[in-house]
Amino acid sequence: MNAAQPKVPVALQPAFAEITAITGRFCPEHLDEEYARLCVKLAAKLARKRPSPLQRGDRRIWAAGIVYVIGVKQTTMANKGRLIMDMLGIGLLDPEYSRSDMLDQNPMVWMIQVNDLIVDARWLPEALQVEAWRRGLIPYVPAHTAPGDPTGPSAVRP
């Protein structure tokens, strides 16, 4: 097998090319050329699987997964992640570090205490939602936006 041109099914060549272009830019800058070659080898093997998982999903995520498998020990990454979370007081599904499209699915984002009762802010009257948002208790005012869309009049705090 030629190291420069690994065997990849024709149908998977666009995905393979995009994924290896990403790893090919990342590895020399942050790791080294050997990691880059190993990433190409792993991507080619995934492309040859039947059915190939590379046919589905975000190619950037596949590239990140490939670099992760080749370049980082799981325990090292887990330890570094735990250190960061502990140092900054970040919890799992922390709203500050969650993708906006995940906020609607995270019930902890919307739980607030009103008169000693824990309630889902999305069910409160608009005036109370606005006050909760103003105080920084919720990421946006659900009454002002379409479901799943954290944009609109509440996107910037007063």
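This briefing covers a helix pair, a cis peptide bond, and two strands with the loop that joins them. The structure is a predicted model. Helices H1 and H2 pack with their axes 8 Å apart, and the peptide bond from Arg50 to Pro51 is cis. In the loop between strands E1 and E2, Asn115 and Asp116 have positive phi values although neither is a glycine.

**Packing of H1 and H2**

- Helix H1 spans residues 13-30 and helix H2 spans residues 33-48; the angle between them is about 165°.
- Because angles over 145 degrees count as roughly antiparallel, H1 is roughly antiparallel to H2.
- The two helices, H1 and H2, cross in a right-handed sense.
- On the H1 side, the contact is formed by Phe16, Ile19, Thr20, Thr23, Cys27 and Pro28.
- On the H2 side, these residues meet Glu33, Tyr35, Ala36, Cys39, Val40, Ala43 and Ala44.
- By class, the residues of the contact of H1 with H2 comprise 10 nonpolar, two polar and one charged.

**Cis peptide bond**

- Omega is near -10° for the peptide bond from Arg50 to Pro51.
- Pro51 is located in the loop between H2 and helix H3, the latter covering residues 59-71.

**Loop between E1 and E2**

- Asn115 is placed in the loop between strand E1 (111-114) and E2, and its phi is about 50°.
- Asn115 has a relative accessible area of 76% and is therefore exposed, the cut-off being over 50%.
- Asp116 belongs to the loop between E1 and E2, with phi near 65°.
- Asp116 also counts as exposed, because its relative accessibility is 71%.

**Strand E2**

- Ile118 is part of strand E2 and counts as exposed, at 54% relative accessibility.
- Apart from residues up to four places away in sequence, Ile118 touches Met111, Ile112 and Gln113.
- Asp120 is also in strand E2, which runs over residues 117-120.
- Asp120 has a relative accessibility of 14% and so counts as buried, the cut-off being under 20%.
- The side chains of Asp120 and Arg122 are joined by a polar contact of 2.7 Å.
- When neighbours within four places in sequence are set aside, Asp120 is in contact with Trp110 and Met111.
- Met111 thus appears among the contacts of Ile118 and among those of Asp120.

Terms used:
Residues are numbered from 1 along each chain as its sequence is written. This is a predicted model: local features need pLDDT of at least 70, side-chain atom pairs count only at pLDDT 80 or more; totals for chains, interfaces and linings use all residues. Side-chain values use heavy atoms; hydrogens and water are left out. Helices (H or I, at least four residues) and strands (E, at least two) are DSSP runs, numbered from the N terminus. Buried means under 20% relative accessible area, exposed over 50%, partly exposed in between (1.4 Å probe, protein chains only). A polar contact is a pair of N or O atoms within 3.5 Å; within protein, one must be able to donate a hydrogen and the other to accept it, and residues adjacent in sequence count only if both atoms are side-chain atoms. Contact means heavy atoms within 4.5 Å. Axes are lines fitted to C-alpha atoms, for helices over the stretch in contact, and angles run from 0 to 180 degrees between N-to-C directions. Angles under 35 degrees count as roughly parallel, over 145 as roughly antiparallel, 65 to 115 as roughly perpendicular and the rest as oblique. A crossing is left-handed if the near helix is turned anticlockwise from the far one by less than a right angle, and right-handed if clockwise. Ala, Val, Leu, Ile, Met, Phe, Trp, Tyr, Cys and Pro count as nonpolar, Asp, Glu, Lys and Arg as charged, and the others, Gly among them, as polar.
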